[in-house]
Amino acid sequence: MKEIKLTTTFFEYESIEALSLADQQLMQAAIAIRKQAYAPYSKFRVGAALLLDDGSVIEGANQENAAYPSGLCAERTAIFYAGATRPQAVIVAIAISACSDLKQTTTPIPPCGACRQAILEYENKQQQPIRMLFMGAAGPVVESPSLINMLPFHFDEDSL
Ligand code: THU
């Protein structure tokens with residue numbers, strides 16, 4: 001038996017204002033689309049904005065369903081749309097913002113495991129890292145340089 005240790009690195013910014021102007025704009029796009037989430041059940045609204053290599057931005061918000069598992073997270077709504085409509089584009093970064101109608105979310109809200117897995121697939125496909133930024137409704141922003149940092153011990157095509 002041997003012990004295996006994996007280390008991962010994130011960066012934390014005090015607030016959205018501490019980001020570069022370009023990252024602020026991407027996060028503002030995530031915040032704006034978050035308001036259009038369809039979240040009548042959880043009242044938890046998530047917005048995701050993807051920056052493509054040509055400078056265009058693709059947005060998504062969570063879409064819930066009365067049959068709960070039929071809904072979809074904001075991140076996958078956005079990345080599947082990007083995959084379907086812009087399959088040749090390189091995804092440079094994704095910004096995510098989450099808020100609740102029921103309470104204040106001032107700590108960074110990381111994406112769920114299923115979204116990490118889905119985004120990792122596109123990082124592997126394009127063979128270039130996807131930088132990720134995430135936050136709550138307000139407060140600090142966390143940056144991950146790549147999906148590998150979010151999912152260090154992962155299943156991918158090499159596992160098949
Ligand atoms: N949700 C997202 O949109 N992204 C995540 O990474 C986690 C959760 C959504 C799904 C559901 O509509 C609501 O937040 C509560 O789980």
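Start with helix α2: select residues 74–85 in this predicted model. The helix lies across three strands, β2, β3 and β4. Now add β3 and compare directions: α2 runs at about 140° to β3.

**The sheet under the helix**

Next, hide the helix and colour the strands. There are six of them in an open sheet, and if you step across you meet β1, β6, β5, β4, β2 and β3, in that order. The pairing is mixed. At the edges sit β1 (11–13) and β3 (57–61), each with a pairing partner on one side only. Turn the sheet to look along it: from one strand to the next, the twist averages 15°.

Zoom in on β2, residues 44–52, together with β3. How many bridges join the two? Five, and the strands run antiparallel. For a landmark in this pair, pick Leu 50, which stands opposite Ile 58 in β3.

**Salt bridges**

Time to switch on side chains. The model has five salt bridges, and here are some stops among them.

Stay on β2 and select Arg 45, then Asp 101. These two form a salt bridge, with 3.0 Å between the closest N and O atoms. Asp 101 is in the loop between β4 and α3 (113–126) while Arg 45 belongs to strand β2, so the contact ties together parts 56 residues apart in sequence. Switch to a surface view if you like: Asp 101 is partly exposed at 42% relative accessibility, and Arg 45 is also in the partly exposed class, at 21%.

Now go to Asp 54 and Arg 86. Their closest N and O atoms are 2.9 Å apart, in another salt bridge. Asp 54 sits in the loop between β2 and β3, and Arg 86 in the loop between α2 and β4, so you're looking at a link between distant parts of the chain, 32 residues apart. Arg 86 counts as partly exposed, with 30% relative accessibility.

For the last stop, select Glu 143 and Arg 131, a salt bridge whose closest N and O atoms are 2.7 Å apart. Glu 143 lies in β6 (residues 141–144) and Arg 131 in β5 (residues 131–135), so this pair ties together parts that are twelve residues apart in sequence. Is Glu 143 buried or exposed? Buried: its relative accessibility is 9%, which falls under the 20% cut-off. Arg 131 is partly exposed, at 23%. Finally, add Asp 23 to the selection: salt bridges with shared partners join Asp 23, Arg 131 and Glu 143 into one network.

Conventions. Residues are numbered from 1 along each chain as its sequence is written. This is a predicted model: local features need pLDDT of at least 70, side-chain atom pairs count only at pLDDT 80 or more; totals for chains, interfaces and linings use all residues. Side-chain values use heavy atoms; hydrogens and water are left out. Two strands pair if DSSP finds at least two bridges between them. Helices (H or I, at least four residues) and strands (E, at least two) are DSSP runs, numbered from the N terminus. Axes are lines fitted to C-alpha atoms, for helices over the stretch in contact, and angles run from 0 to 180 degrees between N-to-C directions. Contact means heavy atoms within 4.5 Å. A salt bridge is a side-chain nitrogen of Lys or Arg within 4 Å of a carboxyl oxygen of Asp or Glu. Buried means under 20% relative accessible area, exposed over 50%, partly exposed in between (1.4 Å probe, protein chains only).
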